[in-house]
Amino acid sequence: MDAPVIAVVGGGQLARMMQQQAIALGVHLRVLVESPTVATAQVVSDAPVGAASDADAVRGIVSGAEVLTFEHEHVPTELLRALDAEGVAVRPGPDALMHAQDKIVMRTRLSELGVPCPAWAPVSDGAELTAFGESAGWPVVVKTARGGYDGKGVRVVSSSAEAADWLDALQGRQLLAEEKVAFTRELAVLVARRPSGEVRTWPVVQTVQQDGVCFEVLAPAPGLDAATAARAEEIGERIAIGLGVTGVLAVEMFEVADDGTSDGESRLVVNELAMRPHNSGHWTIDGAVTSQFEQHLRAVLDWPLGAAEATAPHAVMVNLLGSALEDPHTAYPELMARYPEAKVHLYGKDVRPGRKLGHVTVTGADLGRARSTAHAAVALLRGD
């Protein structure tokens, strides 16, 4: 039998990790990569070079493929709509993906679905931002509607003057202004959905950021009460179904401590969405029955989904963000000797300060031990 072909736009580490699962499933990935040296091009033989904005390049990878999917959201909506109209199985579809591409569209739809969000408003000029800040209370968070990720396109401001350069550059577009939520920690829930409607949800995790970039993930979120965890999962599933998502959906949330007006449970507020495998789900490779990457491939092909339960009481994933070593692989002998339980994933990227170069996951019954081991292993990869 011929292997089913999945076309993927984007050649970063997410598509690279999809390939590992594609091999196990007997699936052929054809990936549109940004250059012949990016992370995925090193491990996928069928990897034509082209830009996600190049209609001819995208059309080239869908020929003969069962489905088109993505490892990032930065693909022109008009192109995806055209492909969808021509009968290409675009998953997630352009109508769903729009909510991960445009934060104002996302906030509008989530509010319609009754999903808890920060106070928000689209703003076009300094007067509108000032009015929102006076209503919500300064400081406020200002975001570009499109293009932001890993802390980019986000600014905390105490007056409209601090966003004047962004406002001046709008040219008819709008910024998203949001209430600055006083959260106690950040949580994430990953949901997979296939076109026929089956949904699977992994345990809710806690994420820790460093300079706006995910640094650590604790699975499941320690100390999270069952009622709040169930509510987080329900919110994730409501969004996946309400937006018609196909594939993996990551929902990032803020946990807000009880303010004395409820029954003592934490309040949850949705922050961001991603419609693809996500950094908060890397732990599933080594810590869940079905990884997010396998699940995404199964979902976009409309195959039955795998179990999403954790395989150990705790999993800790720590990102390698930059390194003092020219090649982090040189730390392998010492790391493997000291921490044989650590699972290391490097992405084949050139070293740059703060760049996501890989991650380490440790699972076990003792959260403190798993956490300290994962951090110690990453410290060796950093050359500390």
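Me: Which way do the side chains along strand E4 point?
Reply: In strand E4, residues 120–123, they alternate, with Ala-121 and Val-123 pointing to one face and buried, whereas Trp-120 and Pro-122 point to the other and are not; buried means under 20% relative accessible area, with exposed over 50% and partly exposed in between (1.4 Å probe, protein chains only). Strands (E, at least two residues) and helices (H or I, at least four) are DSSP runs numbered from the N terminus.

Me: And where do the numbers come from?
Reply: This is a predicted model, in which local features need pLDDT of at least 70 and side-chain atom pairs count only at pLDDT 80 or more, while totals for chains, interfaces and linings use all residues. Residues are numbered from 1 along each chain as its sequence is written, and side-chain values use heavy atoms, leaving out hydrogens and water.

Me: OK, helix H5 now, which residues are buried there?
Reply: In H5, residues 103–112, the buried ones are Lys-103, Ile-104, Met-106, Arg-107 and Leu-110. They cover an arc of only 160° around the axis, which puts them on the same side of H5, the arc being that of the directions from the helix axis to the C-beta atoms.

Me: What covers them?
Reply: The cover includes helices H4 (94–101) and H8 (226–243), as well as strands E4, E5 (140–144), E7 and E13 (267–274), where contact means heavy atoms within 4.5 Å.

Me: What about just after H5?
Reply: There Gly-114 takes a positive phi of about 75°.
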